[in-house]
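This briefing is meant for a reader who is meeting the structure for the first time. Please keep the sequence and the 3D view open while going through the points below.

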Amino acid sequence: MTQNGEDTAPLRRPEAAGLHLAPDGPDHRPSAPATEPTELPQDRSQAILEATKRIGAILKRAGHPFALAGSVAVYAHGGSRYLQHDADFAILPDDAGAVAGTLREAGLDVRIPPEDWLLKTTCHGQNVDIIFELAHQPVTREMLDRAHVLPVDSVLMPVLCPTDLIHSLISAFSEHYCDFGSVLPVVRAVREKVDWDVVRAACGDQPMPAAFLFLLERLNVIDPQEGQP
C-alpha cells in the first residue's frame, strides 16, 4: 500500500517503540530463513491469500492487535478476488518492534524501508506490508477496535471496517498521487457498507478527496451530500 505525501511540511511521525532492526553485522545474528513451500500456487491471488493467512495466524497467536487492510481487506468485505499487489496489515505504532520480533521468530525476514511508516516482509513469495500509519495518520486502538472479524479464505481475522478502509484510500490522494481509477472499483464493491458522512467529514475538505467524492456522486456511485443539488 503506497502513500504519497502532500506538498506541505512533513508531519511528525510516531516513534515505533522498541524497533531496532539493524543490518546483520559481527554482533548481530542473521534471521533464520523463512520456511517456504517448494511449490507456490500458480494463481497469484491465491498466493497473496496464503501469505495473508500465514501472517494473520502468526499475529493472532502472539496476541498483537492488528487489522487487515488494502486489497485483501476489500476482498474480505465482498470485493474482487483479483489480487495483484501485496498484503497489508495495520498495527499500532508502539507495537512495531514487538511485531517485528514475532515475525522474525517465525522465520520471516523483516526489512525497514526508507518510508518510516511501515515494515516489510515476504511470505510465500509475496510482499507483505506491516503498516502503522494510514493516510498520514497513526493507526489507533479505536480504529482496530472498529475492525470486523471476517473469514479470509477460511481463516478468521480482524479486517478494517469499510469506512476506515475507504477513508484511508481516499485520504491518500494528493497532487502527486490521484489514481482515481484504481480506487473506483473498490468503492463500488463496498459503497453500501461505508458511512459516507464520516468519510466526508474526515477528508472532504481536501482538494483531491473532494474531487473524487464529486466524481462518485456524478457517477451515481454514492448519493449527493444532503443539502447539495
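How many bridges join strand 4 to strand 5? Six bridges join strand 4 (residues 118-123) to strand 5 (residues 126-131), and the two strands run antiparallel. The model is a predicted one, in which local features need pLDDT of at least 70 and side-chain atom pairs count only at pLDDT 80 or more, while totals for chains, interfaces and linings use all residues. Residues are numbered from 1 along each chain as its sequence is written, and side-chain values use heavy atoms, with hydrogens and water left out.

**Strands and hairpins**

- Strands are DSSP runs of E with at least two residues, helices are runs of H or I with at least four, and both are numbered from the N terminus; two strands pair if DSSP finds at least two bridges between them.
- Strand 3 (residues 110-111) is joined to strand 4 by two bridges, and these strands also run antiparallel.
- A hairpin of six residues connects strand 3 to strand 4, and within this pairing Arg-111 stands opposite Lys-120 of strand 4.
- In the pairing of strand 4 with strand 5, Thr-121 stands opposite Val-128.
- The hairpin of strand 4 and strand 5 has two residues between the strands, and His-124 takes a positive phi near 55° there.
- In a regular strand, side chains alternate between the two faces of the sheet.

**Ile-55 in helix 1**

- Ile-55 is found in helix 1 and is buried, its relative accessible area being 0%; here buried means under 20% relative accessible area, exposed means over 50%, and partly exposed covers what lies in between, with a 1.4 Å probe and protein chains only.
- Leaving aside neighbours within four places in sequence, Ile-55 is in contact with Phe-89, Leu-103, Leu-108, Thr-121, Cys-123, Val-128 and Ile-130, where contact means heavy atoms within 4.5 Å.
- Two of these partners, Thr-121 and Val-128, are the residues that stand opposite each other in strand 4 and strand 5.
- Phe-89 is 34 residues from Ile-55 along the chain, and their C-alpha atoms are separated by 8.7 Å.

**Salt bridges**

- A salt bridge is counted where a side-chain nitrogen of Lys or Arg lies within 4 Å of a carboxyl oxygen of Asp or Glu, and by this rule the count comes to six.
- Lys-53 forms one of them with Glu-50, the closest N and O atoms being 3.2 Å apart; both residues lie in helix 1 (residues 44-62), three residues apart, which is about one turn of the helix.
- Lys-53 counts as buried at 14% relative accessibility, whereas Glu-50 is partly exposed at 25%.
- Lys-53 also meets the side chain of Asp-153 in a salt bridge of 3.1 Å, N to O. This pair links distant parts of the chain, with Lys-53 in helix 1 and Asp-153 in the loop between strand 8 (148-152) and strand 9 (155-159), 100 residues apart.
- Asp-153 itself counts as partly exposed, at 25% relative accessibility.
- Glu-217 and Arg-200 form another salt bridge, their closest N and O atoms being 2.7 Å apart. Because Glu-217 lies in helix 8 (residues 207-218) and Arg-200 in helix 7 (residues 196-203), this pair ties together parts that are 17 residues apart in sequence.
- Both ends of that bridge count as buried, Glu-217 at 18% relative accessibility and Arg-200 at 11%.
- Through shared partners, salt bridges join Glu-50, Lys-53 and Asp-153 into one network.

**Helix packing and burial**

- Helix 7 and helix 8 pack at an angle of about 150°, with their axes 10 Å apart. Helix 7 is therefore roughly antiparallel to helix 8.
- At this meeting of the two helices, Trp-196, Val-199, Arg-200 and Cys-203 of helix 7 meet Pro-209, Ala-210, Leu-213, Leu-216 and Glu-217 of helix 8.
- The angle is taken between N-to-C directions, from 0 to 180 degrees, with axes fitted as lines to C-alpha atoms over the stretch in contact; under 35 degrees counts as roughly parallel, over 145 as roughly antiparallel, 65 to 115 as roughly perpendicular, and the rest as oblique.
- Helix 5 (residues 162-171) is largely enclosed by the rest of the structure, because nine of its ten residues are buried; among them are Leu-165, Ile-166, Leu-169 and Ile-170.
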